[in-house]
Amino acid sequence: MSNATEMTLPPEWDDDERMNFMFSDFNENRDVNTTDWDSKMDFWTALILKGCRDRGTVCVSLQELNKTLRRKEKSPLGLATVIQSMARCGKIQRESEFAANVDCGWLSWGVGLLLVKPLKWTFSTLLGSSQVPLEESFVVIELVKEKAAELLKVYRSSEFASRSILSFQELCTLSSDVCADESTLCMALLQLQRDKQVTVSLHDGDKIVKFCQNGQAQVSLVSDVDMGIYQLQRSEKLLEERVEKLGLEADKCKEEARVLLREGKKSQALRCLRARKRVEKRADSLFAKLESIRGILDRIAQSQTDKTVIQAYQAGVSALRLSLKDVTVEHAESLVDQIQELCDTQDEVNQTISSGVNSADADIDELEEELKSLLDESKPDSVSGLPEVPTKGLGPSGEPGLPGTDLLSSLPAVPYTHLDITAEQLEEELNQLTLTDSGFQKERRTSPAKKLESAQ
């Protein structure tokens, strides 16, 4: 935190009365007024964390805080107390202690980062001094864990995810958007090494970082195979750069030959073309070597895949052997025989139960037949003598009372023979019907009294 403009200040920063209280020193005894003491401590702790997060850094020092948190040419008087309280609570840790808790190999290549001055406070603490040196650098534990997680996420989503080993310079370029400076990157790597997610080593004076791959609980140490792959990858990158450079040089020679030919300098143009041919020949040779290296890397990747498959096979065989440890063919046959016997017994039981139920059903059927015969005997003769009422539908639509094909089919057939009767006989029969009809109507008009008299 170099200046206050790089961090967002709280709203009460413009309140003079509130800030005068906050800028005052802490009481030596917290029990005198625990509320004020805790509120002031919480205010400065939150502000320090927010300032570091806004800056994208994970380290803080008392000297930087005095410069950053100045207000009206005054610095807070209790920042040293805040630093000591945060250190006791485990929210911050001295940079030297933070690095010393990781493998000592880090100190060999990180000596440029861990200065001699921070170590002085370690010695002064052992001698009983409780003062915080201005230049002492502290690591904010919460923020360094966040940076470590972001760095691991960036690596796994990048084009280098398939490579387990990266150079430190490649990692610096990759993490430029996550880590503000090299110091922040080193602190994030230290935290990742604490979490067993990376390991760092030196090779020919170069720092290399090996990441834990997906599916692994923790990273393994850098082996000779890893170093061989790393060397091949470096050679591949160098050859790619040289081939690209030779390609540009060949294009340049061709362009110069074209310009010289336009100017009429044919001999010089030919020299440029010869130079272009030599460059292309070197480029082809390097490209052939590059293809060989790529082929070797592909074979290594395939062998690693094969190794993983073989390990999976071995694990499967071991698991299958354990699962079949107490299983034999004789035991399986015995179980099958027992199951068959039980199934046969169950079938016999079911057959016995079903036969009893069927006999009961037969008895019920006999009783129903006897009841039906009794009902038939109890019917009147007049009813029993009548023809059976048809139950079928009387019409095409099944509606009762309408003539239908079923009713007509039950009637006797109409005779179609020729009747032996004359017209005079039909006329006489019609007259008789007429007389009979008129007599019937006259009888209906006669009063009941007259009918009674005539009857007497």
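**Charges, cores and salt bridges**

Visitor: In which helix does Arg-278 lie?
Guide: Arg-278 is placed in a helix that spans residues 266-323. The model is predicted, and in it Arg-278 shares a positive surface patch with Arg-271, Arg-274 and Arg-282. The helix that holds Arg-278 is helix 12.

Visitor: Which residues make the nonpolar surface patch of about 280 Å²?
Guide: One member, Val-327, sits in the loop between helix 12 and helix 13 (329-377). Val-327 has 48% relative accessibility, so it counts as partly exposed. The patch is made by Val-327 together with Leu-320 and Leu-324.

Visitor: Is Glu-348 buried or exposed?
Guide: Glu-348 is placed in helix 13. It belongs to a negative surface patch with Glu-330, Glu-333, Asp-337, Glu-341, Asp-344 and Asp-347. Its relative accessibility is 52%, and the cut-off for this class is over 50%, so Glu-348 counts as exposed.

Visitor: Which helix gives the largest share of the largest nonpolar core?
Guide: In soluble globular proteins, nonpolar side chains tend to be buried together. The largest nonpolar core here has 35 residues, and Trp-44 and Met-187 have the most contacts inside it. Eight residues of this core, its largest share, come from residues 34-55, which form helix 2.

Visitor: How many residues are in the second, separate core?
Guide: Among the members of this second core are Leu-174, Leu-185, Leu-189 and Phe-211. The core is separate, and its number of residues is 20.

Visitor: How many salt bridges does a search of the whole structure find?
Guide: One of them joins the side chains of Arg-258 and Glu-255, at 2.8 Å from N to O. These two are three residues apart in helix 11, so about one helical turn separates them. For the whole structure, the number of salt bridges found is 19.

Visitor: How many residues apart in sequence are the parts that Glu-170 and Lys-237 tie together?
Guide: The side chains of Glu-170 and Lys-237 meet in a salt bridge with an N to O distance of 3.4 Å. Glu-170 is buried at 12% relative accessibility, whereas Lys-237 is partly exposed at 39%. Glu-170 lies in helix 9 (residues 168-174) and Lys-237 in helix 11, so the separation in sequence of the parts they tie together is 67 residues.

Visitor: What separates the C-alpha atoms of Gln-233 and Leu-166?
Guide: Gln-233 is placed in helix 11 (residues 224-262). With 14% relative accessibility, Gln-233 counts as buried. Gln-233 and Leu-166 are 67 residues apart along the chain, and their C-alpha atoms are separated by 9.6 Å.

Visitor: Which residues are linked with Arg-294 in a network of salt bridges?
Guide: Arg-294 forms a salt bridge with Glu-240, with the closest N and O atoms 2.8 Å apart. That pair links helix 12, which holds Arg-294, to helix 11, which holds Glu-240, across 54 residues. The network links Arg-294 with Glu-236, Glu-240 and Glu-291.

Visitor: What is the phi of Lys-72?
Guide: Lys-72 is placed in the loop between helix 3 (62-68) and helix 4 (79-88). With a relative accessible area of 57%, Lys-72 is exposed. Lys-72 is not a glycine, yet its phi is positive, at about 55°.

Visitor: Where is the place of Lys-196?
Guide: Lys-196 also has a positive phi, about 60°, although it is not a glycine. Its relative accessible area is 43%, so Lys-196 is partly exposed. Its place is the loop between helix 10 (182-194) and strand 5 (198-203).

Methods. Residues numbered from 1 in each chain as written. Predicted model: local features only at pLDDT ≥ 70, side-chain atom pairs only at ≥ 80, totals over all residues. Heavy atoms only, no water. Patch = residues over 30% accessible without salt bridge, like charges linked within 9 Å, V, L, I, M, F, W, Y side chains within 5 Å. Areas by Shrake-Rupley, 256 points an atom, 1.4 Å probe, with all protein chains shown as cover. Salt bridge = Lys/Arg side-chain N within 4 Å of Asp/Glu carboxyl O. Lys, Arg positive; Asp, Glu negative; His and termini not counted. Charge placed at Lys NZ, Arg CZ, Asp CG, Glu CD. Helix = DSSP H or I, 4+ residues; strand = E, 2+ residues; numbered from the N terminus. Buried < 20%, exposed > 50% of the residue type's maximum accessible area, 1.4 Å probe, protein only. Core = buried A, V, L, I, M, F, W, Y, C linked by side-chain atoms within 4.5 Å.
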